[in-house]
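Got your viewer open? Let's take a walk through this one together, one selection at a time.

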Amino acid sequence: GVIGSQATVRGLQPTRISGLGFVVGLNGTGGGVLNDRVAFHMEREMGLMGVGTGAFEGTPFEGMSPRRLLQNKDTAIVVVQALVPPGSPEGARFDVFVRALNATSLEGGKLYTTDLRIGPAIAFGGPQTQKVGESRGNIFINPFAEPGEVDSVVTRTTGRILNGGVVTTSRNLRITLDNPSHSRARQVVSAIN
């Protein structure tokens, strides 16, 4: 006699989202060599956002082209990943994880606003998926990470942005009756309300 015995609830799994982001504020630890596809993608995205045409006015990056900005030792490109909880409404916040692609340390870094889409971060040529969220903020790295050492748990090239993500498209839960019936659907709606 309960709803769960007569229906299936869909959307109970967290949604994995990701994107490629731009980090500033590093202390000379960024600007390493990037994969050509990632570099091209980021240059294109930065150009669309107005970088090189006054987007960084009043900062040390003022007047830099996207290519020069990507090669600057105080910047880096990161893979941004997160899990959005099931049923999250628009505006809900979540933690974000970042991993450097061209930096030896993310210490002191700040992530610029990055679109997060369903699935893995794809630089170029892949299908465009639905945007679910955005992320930005200061990156926190493990304080016990040793400079120059690579450890599976403690590394300076990965970090977290606490409450750095926000849902832009609600993640709805759906209830589907196992045996469709208008009267049963009205009873379920009444029971839920």
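## Starting at the barrel

Begin with S3 and S4, which pair in the antiparallel sense over four bridges. Two strands count as paired if DSSP finds at least two bridges between them. Strands here are DSSP runs of E with at least two residues, helices are runs of H or I with at least four, and both are numbered from the N terminus.

Before going on, a word on what you're looking at: this is a predicted model, where local features need pLDDT of at least 70, side-chain atom pairs count only at pLDDT 80 or more, and totals for chains, interfaces and linings use all residues. Residues are numbered from 1 along each chain as its sequence is written, and side-chain values use heavy atoms, with hydrogens and water left out.

Now select valine 80 and look across to S4: valine 98 stands opposite. Next, show strand S4 (residues 93-100) with strand S7 (residues 158-167), an antiparallel pair held over six bridges. Here arginine 93 stands opposite valine 166 in S7, and valine 96 stands opposite isoleucine 161 in S7.

Which strands make up the closed barrel? Follow S2-S3-S4-S7-S6-S5: these six strands close up with antiparallel pairing. From one strand to the next, the twist averages 30°. Then colour helix H2 (residues 36-48), which packs on the sheet and touches strand S2 (15-24) and strand S3 (76-84). The direction of H2 makes about 75° with that of S2; axes are lines fitted to C-alpha atoms, for helices over the stretch in contact, and angles run from 0 to 180 degrees between N-to-C directions.

## Zooming out

Show the whole chain for a moment. There are four helices and eight strands, and from the N terminus on they run α-β-β-α-α-β-β-β-β-β-β-α. Contact means heavy atoms within 4.5 Å; among the contacts with a separation of 6 or more, 74% are between residues 24 or more positions apart. Of the 193 residues, 36% count as buried. Buried means under 20% relative accessible area, exposed means over 50%, and partly exposed is in between (1.4 Å probe, protein chains only).

## Two buried stops

Is serine 135 buried or exposed? Select serine 135 in strand S6 (residues 131-138): serine 135 counts as buried because its relative accessibility is 0%. Leaving aside neighbours within four places in sequence, serine 135 is in contact with several residues, including Val80, Val96, Tyr112 and Gly164. You've already met Val80, opposite valine 98, and Val96, opposite isoleucine 161.

Next, jump to arginine 171, in the loop between S7 and strand S8 (174-177). Arginine 171 counts as buried, at 18% relative accessibility. Draw a line from the C-alpha of arginine 171 to that of proline 85: the two are 8.1 Å apart in space and 86 residues apart in sequence. Beyond neighbours within four places in sequence, the contacts of arginine 171 include Thr15, Pro86, Ile118 and Gln130.

## Following the charges

How many salt bridges does the structure hold? There are six, each a side-chain nitrogen of Lys or Arg within 4 Å of a carboxyl oxygen of Asp or Glu.

Pick glutamate 43 and arginine 67, whose closest N and O atoms are 3.3 Å apart. Glutamate 43 lies in helix H2 and arginine 67 in helix H3 (residues 66-71), so this pair ties together parts that are 24 residues apart in sequence.

Then try arginine 156 and glutamate 107, with closest N and O atoms 2.1 Å apart. Arginine 156 sits in the loop between S6 and S7 and glutamate 107 in the loop between S4 and strand S5 (110-118), so the salt bridge joins parts 49 residues apart in sequence. Arginine 156 is buried at 11% relative accessible area, whereas glutamate 107 is partly exposed at 45%.

Now select aspartate 115 and lysine 131, whose side chains meet in a salt bridge (3.2 Å, N to O). Aspartate 115 is in strand S5 and lysine 131 in strand S6, 16 residues apart. Add Glu134 to the selection: salt bridges that share partners join Asp115, Lys131 and Glu134 into one network.

## Last stop: the surface

Finally, turn on the surface and select Val9, Leu12, Leu173, Ile175 and Ile192, which make a nonpolar patch of about 430 Å². Patches are made of residues with over 30% relative accessible area and no salt bridge; like charges are joined within 9 Å, and nonpolar side chains (Val, Leu, Ile, Met, Phe, Trp, Tyr) within 5 Å. Areas come from the Shrake-Rupley method with a 1.4 Å probe, and for residues only the protein chains shown count as cover. Valine 9 belongs to strand S1 (residues 7-10) and is partly exposed, at 35% relative accessibility.
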